[in-house]
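Hi everyone, thanks for coming. Let's put the model up on the screen and walk through it together.

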Amino acid sequence: MTAEPASRDPILTVTGAVHAYGGRPVLRAVDLTLRPGEIYALLGPNGAGKTTLIRTICGRIRPDGGQVLLKGRDPARVSAARAGLGLVPQEIALYPNLTVAENIQTFAALAGTPRAAMAAAVQRALELTRTVDRAHVPVKHLSGGYQRRANIAAAIVHEPSLLILDEPTVGVDLDAREAVDQVIRGLRDLGVAVLMTTHDLDQAGALADRVGFLNEGQMVLEGEPKALIAEAFGAQMEILVHLSEEVDAAGEIQLAAEGLERTRRAHVWSRLDADGYAAAGRLDKRLRKVGLTPREIRVREPSLANLFTLVAERKLAA
Amino acid sequence: MIAAMVRVMALDLWRDRGALVMTFLLPPLVFLIFSSVFAGTTGDDIQLKLAVADVARTPDSGRLTAALVKSPEVRAETVSPATAEEVRRLVKAGQADAGLVIREDPASAGKPFVIIADPSRAVAAPLAQARVQQVLAAALPDVAMRRTVTLLEPALGGLSDEQAENADSAAALLRDTPPKAGDDGGFFDREAVKDAKTGGGVIAYYAGAVMILFALFSAMQGALGLMEERRTGVADRLLAGVAGMGPVVTGKFLFLVGQGLVQALAIFVTAQLVYGVAVVQHAALWLPTTLAASACAAGLALGLVSLCRTREQAQMLSTFVILILAAIGGSMVPRFLMPPWLQTVGWFTPHAWAIEAYQAILWRDAGIGAVYKAWGVLTAAGLLGLAVAHVLARRLRR
C-alpha cells in the first residue's frame, strides 16, 4: 500500500506546534510522532484543539510556532508533501448520486492518479474497504456502515502513507463499527500510519497502538493505552453500580458519600477502588441498608473512559 | 483532474430527473409561452376586445356597428343595453379592453364617438381609436366624405344645390362600391423591414432573453454544489490533497458553460422550428455569442456562490440576483418598453448584452462588428467571476 512499508522513519512529526485564534491559544507546544503501521487515537473533549491539530497536519493552518513535517516536508508550504496524505472527514464526503466506484475514481483522479493505473487503484480501494459488492450502487442508497467504508475508500485510493480519520464510526451500529475497525486494522497491517480522532473510547482502546489526550491545546498524556491505564490507576479496579431507577437528592448524597460518581449511562454510578471485589461486596451491603438496592454491581479493570474523565476533569497532572 | 469534476457534474445532473427537466425542458417551454404572449401583443396580431354601444341609432351608426363586428382587426361586440354606462361597466370590469360609444351620427360635425378605456391599459385607447378610424375609412367611405363636406361647408360659404347634389351622388357611389381587399382607405402603405413567419423581432428577443435567464438560473443551481462540497466535507478532503479546490472550480465552470450551450440549443432550435427564427443560418455568430453568455453565467454564479458561507445564504443571494438582473436586463419585459434610464441601467446586466447581441445577429442580420463588444463584456464578466471563485476557494485552505 505505501511506498516504503518497511521503513520505520516517522511519517508525521509535529514538534512544539503552537497556534492561537485571535489571541486565544488552541495549540500549546504539541508534539506528536507517527510511524508506518501505527494507529494513533487522538482523544480529548470538544474544543481541546483536535480539529486545529488535524488542520495543521493537513497544511491548512500554518502554526504560529513549532513545526509539522510529513515525511520531512512542511505540508503548508510544499503541496507535494500532501500527496501521501488521505483524509476521511467526519461527514460522508462523497457525491451521493454517484456510485461507490465512480466516487473512488473521481477522488483518485483529483489526487492525480494516472489514467492507466485508475482501474487497478479503484479495485484495490474497493477490496481493502470490503465494498466490492456495492461498487455500482449509488452512495445515497448505501447503509450507514457501507457509506463509512466508502468514505474511507475514497481517501486511500491514492495509496497515502498517512490516513487521518475524523470520527470514522460516528452514528453507526456495532456491526458496522466492527467492519470499519477491520478496515482500519487492515490498512495498519499494510504499513499505513493511521491518525484518528474519536469519542468512542472503547474503539480507541481496541484499535489504537498509542493514544494521546489533548486538553485545552496541550497533549497532557500520551502512550500505549494499557500502559497509561496501569500508570494512572495502578491496581485499582472500577466498581460499576447499576441502579433500577433514578435516585432522589438524598440518594445522590448517599452515593457521593460512598465515593460514587455518575457515569454517562443512565442509572449507572462508578468508583475506583484498590480492593476490587471485596470493596464491591461491602458497598452492596451499605447501599442496601440505606434503601438504594443495586440491580447489579460489576467490577472491571479501568478503561480509557476512566482516564478520559481524569484528563477532562484535570485530575491528572500534565 | 478537471475532467473528473466535469464528469461528476454531468453524472449528477443525468441522474437527477427533476434537475434535467428544469435545465433542458423548462427553458424552451418558458420561451414558447413568452413568445406566444409577446408575438401576439406587439404586432399586427393584437385583437382588441371592443365593447360597442350604438346610442345614436342612425342608419350610418348601424352600418358602422355592423362593420366593426365583422372586422377581423378587432373583436367588437355590441352591448346590451346599448348605453354608455354599460360600456363603462364592462371596461372597468376588465371584460373589454376598450369601449366605443356612438353618441351621434358618424357623419355629424361634432365628436360623434367616445372611446372608453382603463388607464392601466394605456395602449388600448389609441389602438381602439385607430381601429375604428380604419374600419370607418374602409367600410363607410361615404360617411367619411359626408363628414368632410359638412366640416368644409361653412368655410366654403355654403354649397350650391348642384354641389350638394354632386356630393350626395359621390357619397352614394362610394357607399355602393365595395372596398378593395387590404385597402384601409388611409394615407399609408406599409412595408416590413424583415420577413418572418410570425412575431419576428420579438421572438428573437425572447429567445435571447430566456436563454440568458435560464443560463444564469441553471448555473446558480450548479454552483450551489460548491456549498454542498463544503457542507459534506468533500472540500476538506480535497483541500488536504495536492490539487486543492482549483480543479473543482474550473471543472464546474467548464461543465456549466457546456450546460448553457446545450440549454441554449434547446431554446433556439425551438425558435427556429416553431417561429422560423434563422438560427442555423447565423450559427457562426450564434455560437460565440452563446459561449460568451454561458461563460458569463457560469463565472458569475461561481463567484457569487463562493462569496457565501452557507447554502441558505447562497440560495437567497442567487434568487435575488437572478430576479433583479432579469427584471432590469430585459428578460421579463422587453427593454424597448422600459424608460430610458432603466435601459441604461440594463447595460450593467449580462442579460441586456446577450439579448441585444442575439437580436443583432438573428433579427438584424448584423455582422461581427455589432456583437464583438458584447462578446468581450460577457466573457470578461464570466472570467472575473471565475477568478473570484478561485481566489475564495484558495482562501478556504486557511
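I'll start where the two chains meet: 21 residues of chain B are in contact with 23 residues of chain A, contact meaning that two residues have C-beta atoms, placed from the backbone, within 7 Å. On the chain B side, helix 1 (2-14) and helix 10 (234-239) are the elements giving two or more residues. Helix 10 of chain B gives the most, with five residues. By class, that side of chain B has eleven nonpolar, three polar and seven charged residues. Here Ala, Val, Leu, Ile, Met, Phe, Trp, Tyr, Cys and Pro count as nonpolar, Asp, Glu, Lys and Arg as charged, and the others, Gly among them, as polar.

A quick word on what you're looking at. This is a predicted model, where local features need pLDDT of at least 70 and side-chain atom pairs count only at pLDDT 80 or more, while totals for chains, interfaces and linings use all residues. Residues are numbered from 1 along each chain as its sequence is written, with chains lettered from A and ligands numbered from 1 in the order in which they are written.

Now over to chain A. It has ten helices and 13 strands; these are DSSP runs numbered from the N terminus, helices being H or I with at least four residues and strands E with at least two. Its C-alpha atoms fill a box of roughly 75 × 45 × 40 Å along the principal axes. The chain is divided into domain 1 (12-227) and domain 2 (237-301), with bounds that come from an automatic or database domain assignment. The C-alpha centres of those two domains of chain A lie 39 Å apart.

How much of chain A is buried? Buried residues make up 45% of its 318 residues. Buried means 20 or more other C-beta atoms within 10 Å of a residue's own, exposed means 12 or fewer, and partly exposed is in between, again with C-beta atoms placed from the backbone.

Helix 2 (residues 100-110) of chain A is a nice example, as eleven of its eleven residues are buried. Among them are E102(A), N103(A) and Q105(A). And what covers helix 2 of chain A? The cover includes helix 3 (115-128) and helix 4 (144-156) of chain A, together with helix 1, helix 10 and helix 11 of chain B. After helix 2 of chain A comes G112(A), whose phi is positive, near 90 degrees.

That brings us to helix 11 of chain B. Helix 11 (residues 246-275) and helix 12 (residues 283-307) of chain B pack at about 135 degrees, with axes 8 Å apart. Axes are lines fitted to C-alpha atoms, for helices over the stretch in contact, and angles run from 0 to 180 degrees between N-to-C directions. So helix 11 of chain B is oblique to helix 12 of chain B: under 35 degrees is roughly parallel, over 145 roughly antiparallel, 65 to 115 roughly perpendicular, and the rest oblique. Residues meeting there include F253(B) and L256(B) from helix 11 of chain B, and W286(B) and L291(B) from helix 12 of chain B. By class, this contact has 15 nonpolar, four polar and one charged residues.

Last stop: Q281(B), in the loop between helix 11 and helix 12 of chain B. Is Q281(B) buried or exposed? Q281(B) is exposed, because 12 other C-beta atoms lie within 10 Å. Thanks, all!
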